[in-house]
Amino acid sequence: LGCLATVLRFLPLPMGASAFFLIPILVGHIFGGVIGLLNAMLSMLMSGFWGGGLGPWTPYQIMASGLIGLISGMTVGRSKWSLAFVAFSMGILYGILMNIWAWPTLPDQNGSFVLFYVTTSLWWDVFRGVANSTLVIIFYEPITKILTRFKARFLTDLDINLSSLS
């Protein structure tokens with residue numbers, strides 16, 4: 001699943017959106033927050049190595065994407081529409097968190113963070129949120145069917161109680 005999310009990160013979507021978050025959001029929704037967190041963090045780290053995009057921003061990308069997987073775990077047992085709302089919100093939250101790491105280091109910051117965020121990336125993040133929720137709505141049934149089957153087939157045999165991890 002980490003490799004699949006890594007490959008999806010490089011699938012070009014308009015306005016800088018990425019299909020990357022689809023897998024961690026759905027993994028968190030099916031397996032719970034902890035597994036979603038681990039999947040998102042591992043996927044982001046692997047995609048940094050694969051795409052050659054490692055830098056001082058990488059730990060923040062890993063933490064922000066991990067938070068997306070963790071929060072998606074709060075939708076376990078809820079509808080596709082509540083997950084789509086969370087996916088939209090996570091698109092915006094990811095952008096906010098990624099701007100927080102850079103904002104203090106910028107020269108001549110005479111305004112507030114809110115002004116900085118609205119003028120630099122709010123609309124990109126809104127589009128990321130729209131892309132996240134659209135992908136969740138489109139691919140919810142087939143991917144959750146596969147993940148639920150995987151969970152039932154492999155994880156119950158190991159007698160692991162994933163609900164205690166979330």
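A crossing of two helices is right-handed if the near helix is turned clockwise from the far one by less than a right angle. With that in hand, open the model, which is a predicted one.

**Stop 1: H5 and H6**

Select H5 and helix H6, residues 113-120. H5 passes H6 in a right-handed crossing. On the H5 side, the contact is made by Ile-92, Gly-95, Ile-96, Asn-99 and Ile-100. On the H6 side, show Phe-113, Phe-116, Tyr-117 and Thr-120. Colour this contact by class to find six nonpolar, three polar and no charged residues. The axes of H5 and H6 lie 11 Å apart, at an angle of about 120 degrees. H5 and H6 are therefore oblique to each other.

**Stop 2: H4 and H5**

Keep H5 and add helix H4, residues 58-72. The two pack with their axes 9 Å apart and at an angle of about 155 degrees. Angles over 145 degrees count as roughly antiparallel, and that makes H4 roughly antiparallel to H5. The crossing of H4 and H5 is again a right-handed one. From H4, pick Tyr-60, Gln-61, Ala-64, Ser-65, Leu-67, Ile-68, Ile-71 and Ser-72. They meet Val-86, Met-90, Leu-93, Tyr-94, Leu-97, Met-98 and Trp-101 of H5. In this contact twelve residues are nonpolar, three are polar and none is charged.

**Stop 3: H3 and H4**

Hide H5 and show helix H3, residues 33-51, beside H4. Here the axes are 7 Å apart and the angle is about 150 degrees, which makes H3 roughly antiparallel to H4. H3 and H4 also cross in the right-handed sense. The residues to select in H3 are Gly-33, Val-34, Gly-36, Leu-37, Ala-40, Met-41, Met-44 and Leu-45. Opposite them in H4 are Gln-61, Ile-62, Ser-65, Gly-66, Leu-67, Gly-69 and Leu-70. By class, the contact of H3 with H4 holds nine nonpolar residues, six polar ones and no charged ones.

**Stop 4: the largest pocket**

Bring back the whole model and select Arg-9, Gly-16, Gln-61, Tyr-94 and Arg-128, which lie nearest the centre of the largest pocket. Its lining has 17 residues, and the pocket holds about 290 Å³ of space. Helix H5 (80-102) and helix H7 (122-155) are the elements that give two or more residues to this lining. H5 supplies the largest share, five residues. Coloured by class, the lining shows eight nonpolar, six polar and three charged residues.

Two of the central residues were picked at earlier stops: Gln-61 and Tyr-94 also take part in the contact between H4 and H5.

Terms used: Residues are numbered from 1 along each chain as its sequence is written. This is a predicted model: local features need pLDDT of at least 70, side-chain atom pairs count only at pLDDT 80 or more; totals for chains, interfaces and linings use all residues. Side-chain values use heavy atoms; hydrogens and water are left out. On a 1 Å grid over the protein atoms alone, a cavity is a set of points where a 1.4 Å probe fits but cannot get out, and a pocket is an open set with protein on both sides within 12 Å along at least five of seven lines; lining residues have an atom within 4 Å of a point. Grid points are joined across faces, edges and corners, and a volume is the space filled by probe spheres set on the points. Helices (H or I, at least four residues) and strands (E, at least two) are DSSP runs, numbered from the N terminus. Ala, Val, Leu, Ile, Met, Phe, Trp, Tyr, Cys and Pro count as nonpolar, Asp, Glu, Lys and Arg as charged, and the others, Gly among them, as polar. Axes are lines fitted to C-alpha atoms, for helices over the stretch in contact, and angles run from 0 to 180 degrees between N-to-C directions. Angles under 35 degrees count as roughly parallel, over 145 as roughly antiparallel, 65 to 115 as roughly perpendicular and the rest as oblique. Contact means heavy atoms within 4.5 Å.
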